[in-house]
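Take a walk through this model, starting at a metal site and ending with the whole fold.

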Amino acid sequence: MPLTLDHSYARDLKGLYVPWQGQDWPDPQIVLRNDALARRLGLDVAALDAGLLTGHALPATARPLAMAYAGHQFGGFSPQLGDGRAILLGEVVDSDGARWDIHLKGSGRTPFARGGDGRAVLGPVLREYLISEAMAALGVPTTRALAACTTGDRVLRQNGLEPGAVLARVAASHLRVGTFQFFATRGEGDKLRQLADYAIARHDPDLSDTPDRYIQFLHRVAARQAQTVAQWMGLGFVHGVMNTDNTTISGETIDYGPCAFMDRYDPATVFSSIDHQGRYAYGNQPAIIFWNLARLCESLLPLIDADEDRAIARASDVIAQAQEEYRAAWLGVFARKLGLAAPDAALIDDMHQLWTGQGVDFTSFFRALPDALRGNAGSLRALFDDDRGLDAWLASYQALSDADTPDRVAAANPVYIPRNHLVDASLNAANAGDMAPFLALLARVQAPFTPVAGADDYAQPAPRGTPELVTYCGT
Ligand code: AMP
Ligand code: MG
């Protein structure tokens, strides 16, 4: 049965896209298809063939288009970015009535490609597949991977020719902060209102008939992003390219490029080869999300109040409130990791202080806590270069714990995250034609809380002294 697709974006948002086809490829092949996700969305798996999943041969139900958006990239504004190498096929509505975009990345050049070749290559496509599926399993709002395919030709990149590839992904929507900036900077007030009403209908339908809906909508977006970034912080996740075009309205994590998980705790952790200033370092992510949300508020000012001063005051409240919500969300995330019913700010702040400069593996710290609470602090102690501060902190923690705390900690903290050295090794193997290491890693991170006998290597940081691996944008 051909895929049933709806096209609300194409219907409602004229001026925000160009109709566009995928490219013809020499030999489209499925590398990996997420049949569990397909079934969850009610899709006929047989319809998801390599032609559809690469944009090579689309069903008649598709109405493919390239989306327009603007964005601040590393702080500098581009009035027109847009999908340079991606197309939206349309939307599916699942049995719960939820609407999902089906989107292909790497499907060829579009009118928004600027200098780019419109292509994606296998390594970055698999990286997004793996990390987005890990994030989903870890309970973080995220786009999902539906399939990774190769195109049958080769694409020139830094390290020579690499297999061309396409990622098919699913998202609650692809509306970004940059989507709003696109119309706002053009001064197209009517279109901006249309876009805001579309976003509200799609993500916050309960606000649709509220007179105050635009400011309420901003509060919702800010609250979602505050929650998402707090969850990133609780996992040591570094997104790497928090440009406003990579910040969603849905709150989903999107556009996995040079992202990675931190092993040893250091707020200055950066993986991206192009982030020389550390703008998007682990510890900067909260400040950056507020900066991006401020750009969204700015874009919506004309809809908030005809009086600009009043509009600015109300928008500023959104950011101030989001900062409070973020702090509460962040404390909640770490309270849960510590197995505590209520956050204890001093304990959580002190824990971060305790890690500083100690080379503590972030993920292992939490896995070592249950034993430490039960009186065996050896493996916890071993994570520290200098463990002198540990006993005092542990005593405060013990005082807040009860008999069930160790079990709660064990249930709340992943054993397996996509360790960057393992991701890197598995992608190198995949490029050389061996998918086995990638599939083994994927299996671990899709069930991150379940320890598997003999899989201890997957739970360990890179050996000490290994140079930190640099990651590259998914280009
Ligand atoms: P990203 O950093 O992947 O979110 O991409 C930023 C912008 O550059 C988006 O507008 C992309 O569509 C575009 N882009 C990235 N790589 C390419 C490419 N190889 N060809 C065309 N456009 C690209
Ligand atoms: Mg992007």
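**From the metal site outward**

The magnesium ion (ligand 2) has two protein donors, Asn246 through OD1 and Asp255 through OD, at 1.9 to 2.1 Å from the ion. Keep in mind that this is a predicted model. Water is not among the atoms, so the site may look incomplete. Are these donor residues buried or exposed? Asparagine 246 and aspartate 255 are both buried; that is, each has under 20% relative accessible area.

Turn now to a pair of strands. Strand β6 covers residues 86-93 and is mostly covered itself, with 7 of its 8 residues buried. Its partner is β7, residues 99-105. The two run antiparallel and are joined by 7 bridges. Within this pairing, valine 92 sits opposite tryptophan 100 of β7. What links the two strands? They form a hairpin, with 5 residues between them. Glycine 97 lies in that turn and has a positive phi of about 85°.

Step back to the whole protein. Its secondary structure comprises 16 helices and 12 strands. The radius of gyration is 23 Å, close to the 23 Å that the globule rule gives for 475 residues, so the protein is as compact as a globular protein of that length. The C-alpha trace spans about 65 × 60 × 45 Å along its principal axes.

Burial and contacts complete the picture. Of the 475 residues, 57% count as buried. Take the contacts between residues at least 6 apart in sequence: 71% of them join residues at least 24 apart. On the outside, the protein exposes about 18500 Å². Carbon and sulfur atoms supply 51% of that area.

Definitions and conventions
Residues numbered from 1 in each chain as written. Chains lettered and ligands numbered in written order. Predicted model: local features only at pLDDT ≥ 70, side-chain atom pairs only at ≥ 80, totals over all residues. Heavy atoms only, no water. Donors = N, O, S within 2.8 Å, 3.2 Å for Na, K, Ca; no water. Buried < 20%, exposed > 50% of the residue type's maximum accessible area, 1.4 Å probe, protein only. Helix = DSSP H or I, 4+ residues; strand = E, 2+ residues; numbered from the N terminus. Pairing = 2+ DSSP bridges. Rg over C-alpha atoms; globule rule 2.2 N^0.38 Å. Contact = heavy atoms within 4.5 Å. Areas by Shrake-Rupley, 256 points an atom, 1.4 Å probe, with all protein chains shown as cover.
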